[in-house]
Amino acid sequence: MLASDLRYTSALSSSTQIAHALRLYPIDSSYTIIRLSDPEIIVKEVRLNEAIRMGEITVPSASVIFNTLGATSTPGTIRLTHANGATNLIDVRPSGYVRIE
């Protein structure tokens with residue numbers, strides 16, 4: 001769901017020609033999609049399944065900001081860990097490409 005919502009945020013930015021951000025809250029294992037307008041508008045709020053927690057996040061300020069071209073100036077990775085020990089790494093590239101490893 002997080003990877004899909006990162007792609008959705010990128011698409012929103014390019015389709016509306018308004019920058020959007022996906023802000024991560026690792027303590028709560030949640031995130032918010034925000035339209036970066038004045039005032040900012042919350043587009044979507046999500047809490048991850050109880051069995052999934054956010055681990056290491058290399059995204060600056062835990063916020064992936066997409067410009068009107070769908071690219072990001074805040075690339076990085078987000079590690080998700082399941083209660084059964086499985087992990088996934090979500091890699092966000094400067095171009096806005098989102099990959100799950």
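Helices (H or I, at least four residues) and strands (E, at least two) are DSSP runs, numbered from the N terminus. The model is predicted: local features need pLDDT of at least 70, side-chain atom pairs count only at pLDDT 80 or more, and totals for chains, interfaces and linings use all residues. Residues are numbered from 1 along each chain as its sequence is written, and side-chain values use heavy atoms, with hydrogens and water left out.

**Exercise 1.** Determine the environment of Ser 13.

*Solution.*
1. Ser 13 lies in helix H1.
2. Its relative accessible area is 0%; Ser 13 is therefore buried (under 20%; exposed is over 50%, partly exposed in between, with a 1.4 Å probe and protein chains only).
3. Leaving aside residues up to four places away in sequence, Ser 13 touches Ile 18, Ala 19, His 20, Phe 66, Asn 67 and Thr 68 (contact: heavy atoms within 4.5 Å).
4. At 3.3 Å, the side chain of Ser 13 reaches the backbone oxygen of Phe 66.

**Exercise 2.** Establish the strand order of the sheet and the placement of helix H1 on it.

*Solution.*
1. Four strands form an open sheet in the order S3-S2-S1-S5, with antiparallel pairing (two strands pair if DSSP finds at least two bridges between them).
2. Strands S3 (41-47) and S5 (63-66) are the edges, each pairing on one side only.
3. Strand S1 (residues 20-25) pairs with S5 over four bridges in the antiparallel sense, and Leu 22 has Val 64 of S5 as its bridge partner.
4. Helix H1 (residues 2-16) packs on the sheet, touching S1, strand S2 (30-35), S3 and S5; the direction of H1 makes about 155° with that of S1 (axes are lines fitted to C-alpha atoms, for helices over the stretch in contact, and angles run from 0 to 180 degrees between N-to-C directions).

Conventions
A polar contact is a pair of N or O atoms within 3.5 Å; within protein, one must be able to donate a hydrogen and the other to accept it, and residues adjacent in sequence count only if both atoms are side-chain atoms.
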